[in-house]
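Q: Could you take me on a close look at the place where the two chains meet, and then at what surrounds it? I would like one connected account.

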Amino acid sequence: MVEAHLVEARLRAHIPDVTHLEVKDLTGTKDHYEAVIVSPAFEGKSRVDQQRLVFTALGELMDGPIHALTFKTYTPERWAALAG
Amino acid sequence: MDDATRERIQTLVDTHPVLLFMKGNRLFPRCGFSATVVEVLKRSGVDFEVIDVLTDPEIRQGIKEFTNWPTIPQLYVQGKFVGGCDIVRDLYENGELDEVLAPVKNG
């Protein structure tokens with residue numbers, strides 16, 4: 001288990017220039033999370049490398065505290081286009 | 001991870017053109033994400049092999065190190081890591097999975 005705000009803080013601390021972040025506890029048990037992460041750091045990276053950036057940011061949280069994580073990564077341009 | 005496990009994993013990914021490391025098996029997936037990838041692969045009409053990591057603790061831990069990827073399921077095509085559930089679903093929804101699977105599609 002880990003608190004949502006700690007997941008958010010970890011992501012903001014380890015992924016540069018996060019412009020938009022959503023972290024949702026899917027089950028209320030603080031171990032199944034859904035996230036949306038927007039940062040220019042994803043620019044030019046493959047899907048696998050984008051997600052690895054997130055897993056690296058979360059580090060040991062992925063080795064127990066977080067059981068399940070589903071997330072989407074966007075560059076600010078793609079996020080704006082979606083919202084547009 | 002010991003060398004024996006690393007070799008076992010290497011052999012598995014080299015042997016099976018489409019290989020899914022998952023929780024459970026294709027008839028009884030034991031996690032939603034694994035079930036989603038099985039469903040996507042079935043719809044893509046490709047033959048695929050499944051490894052139920054719940055029955056093999058060495059592989060369950062070893063594959064995370066092998067791929068440098070902390071979660072299960074993990075999809076391999078022609079020995080190359082494609083992604084977990086989020087990525088496979090994203091590829092499928094964007095019509096790009098067929099491209100990835102084209103080299104191994106039968107007929």
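A: Happy to; here is a walk from the contact between the chains to the helices and loops around it.

First, the ground rules: this is a predicted model, in which local features need pLDDT of at least 70 and side-chain atom pairs count only at pLDDT 80 or more, while totals for chains, interfaces and linings use all residues. Residues are numbered from 1 along each chain as its sequence is written, chains are lettered from A and ligands numbered from 1 in the order in which they are written, and side-chain values use heavy atoms, with hydrogens and water left out.

Let us start with the interface. Ten residues of chain A and 15 residues of chain B take part in the contact, where contact means heavy atoms within 4.5 Å. The size of an interface is often given as the accessible area lost when the parts come together. Here chain A and chain B bury about 1,200 Å² between them, and 53% of that is on carbon and sulfur atoms; buried area is the accessible area (1.4 Å probe) that two parts lose on being put together, summed over both.

Two salt bridges are counted between chain A and chain B, a salt bridge being a side-chain nitrogen of Lys or Arg within 4 Å of a carboxyl oxygen of Asp or Glu. Over all chains, the same rule gives twelve salt bridges. Arg47(A) pairs with Asp90(B), with 2.7 Å between the closest N and O atoms. Arg47(A) also meets the side chain of Glu96(B) in a salt bridge, at 3.0 Å from N to O. This second pair crosses between chains: Glu96(B) sits in the loop between helix H4 (85-93) and helix H5 (97-101) of chain B, and Arg47(A) belongs to helix H2 of chain A. Helices (H or I, at least four residues) and strands (E, at least two) are DSSP runs, numbered from the N terminus. Glu96(B) counts as partly exposed because its relative accessibility is 29%, and Arg47(A) does so at 24%; the classes are buried for under 20% relative accessible area, exposed for over 50%, and partly exposed in between (1.4 Å probe, protein chains only).

Further along chain B, Lys105(B) and Asp98(B) form a salt bridge as well, at 3.4 Å from N to O. Lys105(B) is partly exposed, with a relative accessible area of 32%, and Asp98(B) is partly exposed too, at 43%. Back at the interface, shared partners join Arg47(A), Asp90(B) and Glu96(B) into one salt-bridge network.

Now for a helix pair within chain B. The axes of H1(B) (residues 3-15) and H3(B) (residues 57-67) come within 10 Å and cross at roughly 75°. That makes H1(B) roughly perpendicular to H3(B), since angles of 65 to 115 degrees count as roughly perpendicular, under 35 as roughly parallel, over 145 as roughly antiparallel and the rest as oblique. The axes are lines fitted to C-alpha atoms, for helices over the stretch in contact, and the angles run from 0 to 180 degrees between N-to-C directions. Among the residues that meet are Ile9(B), Leu12(B) and Val13(B) from H1(B), and Ile59(B), Ile63(B) and Phe66(B) from H3(B).

The same helix pair carries a salt bridge between Arg8(B) and Glu58(B), at 3.9 Å from N to O. This pair links distant parts of the chain, with Arg8(B) in helix H1 and Glu58(B) in helix H3, 50 residues apart. Arg8(B) is partly exposed at 35% relative accessible area, and Glu58(B) at 43%.

Finally, a few backbone details. Most residues other than glycine have a negative phi, and most peptide bonds are trans. Ile72(B) and Pro73(B) are joined by a cis peptide bond, with omega about 15°; Pro73(B) is in the loop between H3 and strand E3 (74-77) of chain B. Asn68(B), in that loop between H3 and E3, has a positive phi of about 55° although it is not a glycine. Asn68(B) counts as exposed, at 53% relative accessibility.

In chain A, Asp17(A) also has a positive phi of about 55° without being a glycine, and its place is the loop between helix H1 (4-14) and strand E1 (20-25). Asp17(A) is one of the residues touched by Pro40(A).

How values were computed
Lists of a residue's contacts leave out its neighbours within four places in sequence.
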